[in-house]
Amino acid sequence: LPDVPVSVGPPPVALGRPKVAWSERLRMLLGTYLPLLLMVALALGTWWLVKVAPQTTVEAQSTALRHEADYTLERFEMQRFDKTGRLVALLEGQQLRHFPDTRELEIDTVRITFTAPDGRVTHITARQAAASDDGVTARLEGDARVESQGLAGEPPVLIEGQRLLANIHDQQISTDQPVRVRQGGTEFSAESLAYDAITRGLTMQ
């Protein structure tokens, strides 16, 4: 066997971990965990702000509209047609004022003309009227008068009162106020009335 040199002496001493000062350890820990600590602090701060912030309720504040016209028309007319394009109603007036608070049209010197399917015409007049802004109904006030043409050879129906309600869509007239009805030599007085300009049906109380 070859000769192997052997040295005899004390065993080698294992090198231990070098001691680190506490300040250096603290700096290392802060460098490692500081981002996490900042995130936790930010989350806690946000939660605290939400808890202590005053609860605000957003309420829709509707400003009361004043009774002022937003537009006016002079010597106007509004026409209504049926599905076939036939003119069935015509609303005319000296002046029209639209009020957005009531969504109504106030009309001076109003005139409404109905045309029945058989061609008969009904004229309605009054000093003033308040109509819905879609033109479906109108309250006529002040010397309101209805003249509905009769069939061939029949005299027209005349209705007079101080307040009438006209349904322009259905061509109907009604009132809960005293009225006078005349046809030829016949005259009626009634406390209320309902009249259909298409069928010429008349109901009085």
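**Entry 1: the E6–E7 hairpin**

I began with the hairpin that E6 and E7 form. This is a predicted model, and I read it as such throughout. Four residues sit between the two strands. In the turn, I found Gln171 with a positive phi of about 55°. The two strands pair in the antiparallel sense, over three bridges. I looked up one partner: Asn167 is bridged to Gln172 of E7.

**Entry 2: the two faces of E7**

Which residues of E7 are on the covered face, and which on the uncovered one? The strand runs over residues 172-175. I noted Ile173 and Thr175 on the covered face. Gln172 and Ser174 make up the uncovered face. So I had met Gln172 already, as the bridge partner of Asn167.E7 also pairs with E10, in the antiparallel sense and over four bridges. There, Thr175 has Leu193 of E10 as its bridge partner.

**Entry 3: the core**

Next I followed Ile173 inward. Ile173 is among the residues with the most contacts inside the largest nonpolar core. That core has 30 residues. Others in the list of most contacts are Ile107, Val110, Ile112, Phe114, Ile124 and Leu140. I then checked which elements give two or more residues to this core. They are E2 (87-99), E3 (104-115), E4 (121-132), E5 (137-148), E6 (157-167), E8 (179-183) and E10 (193-196), strands in every case. Which of them gives the most? It is E3, with five residues. In soluble globular proteins, nonpolar side chains tend to be buried together.

**Entry 4: around Ile124**

I picked Ile124 and listed what it touches, leaving out residues up to four places away in sequence. Val110, Arg111, Ile112 and Phe114 are among its contacts. Leu140, Arg145 and Val146 are also touched, as are Ala166 and Ile173. Two arginines, Arg111 and Arg145, are thus in the list.

**Entry 5: positive phi**

Most residues other than glycine have a negative phi, and most peptide bonds are trans. I looked up two residues with a positive phi. Asp143 is not a glycine, yet its phi is positive, about 50°. Asp143 lies in strand E5. Arg200 has a positive phi near 60°, and this residue too is other than glycine. I found Arg200 in the loop between E10 and strand E11 (202-204).

Is each of the two buried or partly exposed? Asp143 counts as partly exposed because its relative accessibility is 47%, and buried would need under 20%. Arg200 is buried, because its relative accessible area is 18%.

Technical notes
Residues are numbered from 1 along each chain as its sequence is written. This is a predicted model: local features need pLDDT of at least 70, side-chain atom pairs count only at pLDDT 80 or more; totals for chains, interfaces and linings use all residues. Side-chain values use heavy atoms; hydrogens and water are left out. A nonpolar core is a set of buried Ala, Val, Leu, Ile, Met, Phe, Trp, Tyr and Cys residues joined through side-chain atoms within 4.5 Å. Buried means under 20% relative accessible area, exposed over 50%, partly exposed in between (1.4 Å probe, protein chains only). Contact means heavy atoms within 4.5 Å. Two strands pair if DSSP finds at least two bridges between them.
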